[in-house]
Structures are given as C-alpha cells and as structure tokens.
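Trainee: Got a minute to go through this one with me? I'd like to start with charges and rings.
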Amino acid sequence: MKAKTLTRGAGILLPISSLPSAYGIGTFGNAAFKFIDLLADLKQKYWQILPMGPLTVGDSPFQSISLFAGNPYYIDLEALIRDGLLLREEVNSYSWGTNDESIDYSVLYQNRYKVLQTAFERFDCRDGQYMTFCDESRSWLEDYSLYMALKYRFDNKAWYEWEEALRSRHEEVLIQYRDQLSHQISFWKFCQYEFYRQWNELKEYANKKGIQIIGDVPFYVAYDSVDVWVHQNLFLLDAQGSMLRVAACPPDNFSENGQIWGNPIYDWDAMEADGFSWWRTRIEHQAALFDVIKLDHFLGAVKYFSIEAGEPDIRKGRWSKGPGRKLADAVEEAVGNKKIIAENMGTVLPGVNKLIRKMGWPDMKVLLFAFDGKADNEYLPHNYTDTNTVLYAGTHDNDTIVGHYRDCTDYELAYMYSYLNIDSKEQISDAMIRTAYSSIADVVILQMQDILQLDSEARMNRPSTIGVNWKWRFSDKLLPEERRSWIRTQTALYRR
C-alpha cells in the first residue's frame, strides 16, 4: 500500500485541558487561538491534543462517556457571555479552583454544568444552525443526550446499574424516558452544539495558520459509556450486560507491574460480521475533526491482552489474536484523505510493525526508550531506516525528560552523555530535542513540558494511578522569548 507520509515538521503535544483560562480548565477560547499563534511563531506544523470526549470516573480522556460527543468543559464561557447567554457576574459567582497550574475536576463537575444550564435556558432551540446540527448528528446525538439525561436522573449511575428494562434498551421504556426527560435531553444537545461550533472555528483558524491538528483516538471504550450501552452486542458481555473479560497490559516500558485498564473487550467476530461498520463510523467522525488521526494502542488490533473481569492478578491475563489487517483496511477506507499514526508502543509485537509497514503508516519512536546503553537500540536515531517516522521525546504516559533522568547516576548516563555529546543532566533536555530534530524522522512531537524543561511535577499521567493525573496546565509566562528563539532556531536549522 502506498505510504501516506506526513510533511516534515515539528509539533507540540498539549491537551486542550492544559491551556490557560480563568475558569479552571483549558477551553476553545482566546488562549487556544493564542496557542495556535504561538505554534506558528515557533515555526511548528503540528498541534497534537489528547481525546476530547466527556469524562467519566478517573478524569482520563481515554475513558470517555462517548466516542462521538465532546467534553462540555471545553466550551468557552466568554463566548457564551458575548452571545448574551450568560452574565459575567453569573460566571464569576462560581469557584473554578484555586490553582492556575492544576485542574480541580471536582470543582468543575460541581459548577460547570450549572453555568451551562443557565446559558441553555436563554438559548432559542429554534435556532436554524442548532436544528441543522441536531439533524446532521442524529446518529449519535440522540443516544448520547438520552444517556446523559438518564445518568443525572439516576444519581450518575452507569447504565449497567439501571433497571433491567433500561439496561436492555426496551423500546417502550426508552420512549417513556425520552418524553419525561425531553428538556434535559435538549440541554445535552445544546452543549454538543456549542462544543462543535467552537471547535470548528478553532480548527479552521489553526489550518489557516498552517497548523495541522493531530487527534488522539482511544482504542478501547469505557464500560460506563453510551457506546457500550447502545452496542452491547459488539462487546464480550453476559446476558445482564456484565463484562466477561477486560482490557489489560502486561509489564512494559510504561508500567513495570502491568496495568488493568478495565475496558470491555470487543467481540471481534460480531464486528467483522458487519464489515466493522461501528469502527468505520467512529473513524469517519474523527477524520472530520482532525487533520491527522493517532490511533492509540493499535497493537491491540493485532494481538490484545485481557484478563477475566474482577481478577486482580495481571499474571492470569492472556494474549488473544485481533482482527489485524481486516480492521486496518476498514480504518484506512474510513479515514479518506486524512493521515494516520498507529501507536505501536508497549509490549513488542513484531506483527504490529509488519502490519503498519504494509499499510504505509508511519513508524513511531520514543526517544526516552533509546538510552539503555546498547548501540543497536531501535529507538536511537542512527538506527532509523525510514523517514516515514513520527518521533516523540516522550508521550503523555511518560515522565518528563527532566524527571525521567533526575535520579540516574552519571555512571548510568555515561552512554547517553557520549551519544549526545554532553556532560551533565542539565544539558539532557535540550540535547534530546536537538537530536530528535536532527533525525531523519519526518515528524517530531515534543510535550510542552519538555520544551519548558519541567520536572515530574508537570507529568501528565502516571499509569496505574488515579486522582493525580491529567491536571497540569500551561502558562505563557513559562516560555520567555529567549526560549522561544531557541526553539525557532532548532526548527529552522533542521528544516522542520
């Protein structure tokens, strides 16, 4: 298959949530537009974000209530004020947290929807653009809005804790609740209308500035999601909707003890029987949102690791064969002319790299995995053989560069010092950036935390932990002109 290569360039990984704002979390507001201006000023070509779906327990963007809906937290409240749907004093009457450097998700959960509800009560649902959006999004919006209304009706319980008739989606019961909850259903539709309206304006601005947006697409689906509730036949569930097996990961570079993610496992036979239509639909949806799609944990399509639901011992997990090329072909057809990055990180599975090469998709490397002292390490740039490569210094699941090497001894770092031509830890971060930029890889993506040379306090995610992740926030004050000039110079020097 002919390779769909990416334009040589550099980019920055920064989630929408990490953008600065006065309201507790990043939004599609002015700071997002300013960040696009910053990317252009730094001569970057790519902005990679994390999944933008509405959050469930744990606040992970990779565990979303819907694969199609957007997170209402990202709606710019300033825009709602300008539109006359909110008063500034109403917005300012709520607490949005006390730390501009960290997100307080509990405060957002308590207050954000109250403010959006106030805006909705002033919104005219006869608005033509709103009605068009609802009609064009009907295939997913109706189910999502009902699901959210039901969750709030039942004290935020997940679908598998509802009464049997609702769990099993008896049509007469669905009709009854759609009628009873019609006002709240309209509220959730309003939130999605505002989310997508604002997102489309932001993406259009980015593209006009020459910035392509890379969207991260989760491989698995949260159990507490409308997607599983509506499509129970596509997952390994029993007659009551309980999971039989759950997604997991054996020990790897991200977690030495392995991870039990807890997502339901796909029924690949059922998915293949209808030509992977569910996958095609979700990929088409993502392709409309982004310029490049990064498929998270794509190795699960070739071979996936799972464990019996409720089993705590990762050693009792097992590998199973995935759909492989059949799914990859369906994804390639659905994505159209957009580009794909398939993540092949984690446990080494040769079949994954073989499939990615057959599809013509770029290879993916992580520079933090390179310096084990072995000259034949596949992540060392001198071993790259194909320019069709996306190189990350580190991902959202890794520590920052500074944090990663903080406790290493000079003896342990001797090979790295020699390779990078440096002699101290303080030089590692910039030396790794230069090395990445000078490589043959078509695309280099750096976390903003690494550009800022921040330590572990700025880490985005610590796998196998909850309650401490996805909170870091960026501030323009962290990036002085001297640092900006250095990034511009490296970008130009290595033709990025």
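Mentor: Start with the rule, then. A charge sits over a ring if NZ of Lys or CZ of Arg is within 6 Å of the ring centre and within 35 degrees of the ring normal. Keep in mind that this is a predicted model.

Trainee: Fine. Where does the charged end of Lys 365 sit?
Mentor: Over the ring of Tyr 379, with 5.7 Å to the ring centre.

Trainee: And the charged end of Arg 169, which ring is that over?
Mentor: The ring of Trp 229. The distance to the centre is 4.4 Å. Arg 169 also has a backbone oddity: a positive phi of about 60°, although it is not a glycine.

Trainee: Where does Arg 169 lie?
Mentor: In the loop between α7 (164-167) and α8 (171-180).

Trainee: What's the usual sign of phi for residues other than glycine?
Mentor: Most of them have a negative phi. Asp 59 is another non-glycine with a positive value, about 65°. Asp 59 lies in the loop between β2 (46-49) and α2 (77-82). Its relative accessibility is 25%, so Asp 59 counts as partly exposed.

Trainee: Back to rings. How many aromatic pairs are there?
Mentor: The count comes to 53 aromatic pairs. Take Phe 133 and Trp 140: their ring centres are 6.5 Å apart and the planes meet at 80°, so this pair is edge-to-face.

Trainee: Are those two buried or exposed?
Mentor: Phe 133 is buried at 13% relative accessible area. Trp 140 is buried too, at 10%.

Trainee: What about Phe 369 and Tyr 379, how are their rings arranged?
Mentor: Edge-to-face, because the planes are at 75°, with the centres 5.5 Å apart. Both residues are in the loop between β10 (363-366) and β11 (389-392), ten residues apart. Phe 369 and Tyr 379 are both buried. And Tyr 379 is the ring that has the charged end of Lys 365 over it.

Trainee: New topic. How many residues are in the largest nonpolar core?
Mentor: There are 175. Those that touch the most other members include Phe 35, Trp 47, Trp 199 and Met 448. Helix α9 (residues 182-208) gives the most to this core, with eleven residues.

Trainee: What is Met 448 in contact with, leaving aside its neighbours in sequence?
Mentor: Leaving aside residues within four places, the list is Ile 12, Leu 13, Leu 14, Phe 35, Leu 38, Trp 472 and Phe 474. Phe 35 is itself among the core residues that touch the most other members.

Trainee: I'm thinking about cysteines now. How many disulfides does a search find?
Mentor: Zero, over the whole structure.

Trainee: Why is there no bond from Cys 125 to Cys 134?
Mentor: Because their sulfurs are 7.7 Å apart, too far for a bond. The cut-off is 2.5 Å. Cys 134 has the closest cysteine sulfur to that of Cys 125. Cys 125 is partly exposed, with a relative accessible area of 31%.

Trainee: And Cys 191, which cysteine sulfur is nearest?
Mentor: That of Cys 125, 11 Å away. Cys 191 is in no disulfide. Cys 191 is buried, at 0% relative accessibility.

Trainee: Let's do a helix. Which residues of α14 (residues 350-359) are buried?
Mentor: Val 352, Leu 355, Ile 356 and Met 359. They cover an arc of only 100° around the axis, so they lie on the same side of α14. On the other side, Pro 350 and Arg 357 are exposed.

Trainee: What do the buried ones pack against?
Mentor: The buried residues of α14 pack against α13 (325-335) and β9 (339-342). Just after α14, Gly 360 takes a positive phi of about 80°.

Trainee: Last one. Where does Trp 486 lie, and what does it contact?
Mentor: Trp 486 is in helix α19 (residues 481-493). Beyond its neighbours within four places in sequence, it is in contact with Asp 430, Ile 433 and Arg 434. Trp 486 and Asp 430 are 56 residues apart in sequence, yet 9.6 Å apart in space, C-alpha to C-alpha.

Trainee: Buried or exposed, that Trp 486?
Mentor: Buried, at 19% relative accessible area. The cut-off for buried is under 20%.

Notes. Residues are numbered from 1 along each chain as its sequence is written. This is a predicted model: local features need pLDDT of at least 70, side-chain atom pairs count only at pLDDT 80 or more; totals for chains, interfaces and linings use all residues. Side-chain values use heavy atoms; hydrogens and water are left out. Helices (H or I, at least four residues) and strands (E, at least two) are DSSP runs, numbered from the N terminus. Buried means under 20% relative accessible area, exposed over 50%, partly exposed in between (1.4 Å probe, protein chains only). Contact means heavy atoms within 4.5 Å. Rings of Phe, Tyr and Trp (its six-membered ring) pair if their centres lie within 6.5 Å; planes under 30 degrees apart count as stacked, over 60 as edge-to-face and the rest as tilted. A nonpolar core is a set of buried Ala, Val, Leu, Ile, Met, Phe, Trp, Tyr and Cys residues joined through side-chain atoms within 4.5 Å. The arc is that of the directions from the helix axis to the C-beta atoms.
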